[in-house]
Amino acid sequence: MSDTHRPSLVTLPVELVYHILDSLDILTILISFRNVCTRLNQIIDNYKRYQTCTKLDLTHEKLNEGKCYGLINGLRNNQTLTELHLRCKKIDDQQTCYLTDVLQKNITLTNLVLSNNRIGIVGAQALANLLIDNKILTTVDLGWNTIGCEGAFYIANALRSNNTLTVLHLEINYITNQGVQYLANALQNNITLKILILSNNNIANEGAQYLADMLKQNQTLRTLVLSENKIDSDGVKYLANALEMNKILMVLNLRLNRINSVGAQYLADVLVKNTVKLK
């Protein structure tokens, strides 16, 4: 048979292509079939399983570097996914930059989970640039990465202009007091973020004071998680004083800090005037 008559995916009837797609999972379709050619993209765009796939959780999938880039490329121009979970995929700064570039024009993704990866300062900057322009994302999980205080600086700058993000996970990121200062300053006038997770970031009393100053101004944040840090009773005093003014915060998690009976009393006293739930 000559090459001119040899069947291929780009010439097969649509019904046969659908039959092939029926035997594949969505991940394989994204990696191996998307963006091969315009015709295949058009076929896939009208393929029911693809149209109805709104959540892609690859937490338990094994992705090598090649597959990771293939997946990201497959997401280009995707207009179906609303949730993308890429936990524990060894995603580094370079891959993060590639991902954020692909997502620049995305108008459907609301939940992006990138926890437990290898995202550092450069990746954090790329994500921050995405958040500055993005009007769709409401939840971003960057927990357990290595963005540090410099990465927090870029994220904080994004929070000054972003008006859609409501949930931000930054636990276990080596943010420290300096990074908290950047975030707290940005959140003083933020009107959308409702949940902020800062567990295990080496935050001490200085950082608690920055957050307390923020709480005196912020009228949106509902949950603040500061568990597993280094806040002692002096830091608790700053937070308790802020809660005398702030009646918006509903949950304050200070589990596994360095709070003694004096700090506990500060919190008990503020509960007389505030309905915040302490953990």
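Colleague: Are helix 6 and helix 7 roughly parallel or roughly antiparallel to each other?
Modeller: In this predicted model, where local features need pLDDT of at least 70, side-chain atom pairs count only at pLDDT 80 or more, and totals for chains, interfaces and linings use all residues, helix 6 and helix 7 are roughly parallel (under 35 degrees; over 145 is roughly antiparallel, 65 to 115 roughly perpendicular, the rest oblique). Residues are numbered from 1 along each chain as its sequence is written, and side-chain values use heavy atoms, without hydrogens and water.

Colleague: At roughly what angle do their axes cross?
Modeller: The axes of helix 6 (residues 93-103) and helix 7 (residues 121-133) cross at roughly 10 degrees and come within 8 Å; these are lines fitted to C-alpha atoms over the stretch in contact, with N-to-C angles from 0 to 180 degrees.

Colleague: Which residues meet there?
Modeller: Asp93, Thr96, Cys97, Thr100 and Leu103 in helix 6 meet Ile121, Val122, Gly123, Ala126, Leu127 and Leu130 in helix 7, counting heavy atoms within 4.5 Å as contact.

Colleague: Switching topic, how are the strands arranged in the sheet?
Modeller: Nine strands (DSSP runs of at least two E residues; helices are H or I runs of at least four) form an open, parallel sheet in the order 1-2-3-4-5-6-7-8-9. Its edges are strand 1 (55-57) and strand 9 (277-278), each of which pairs on one side only.

Colleague: And how many bridges join strand 2 and strand 3?
Modeller: Strand 2 (residues 83-85) and strand 3 (residues 111-113) pair over three bridges in the parallel sense, where pairing takes at least two DSSP bridges, and Leu84 has Leu112 in strand 3 as its bridge partner.
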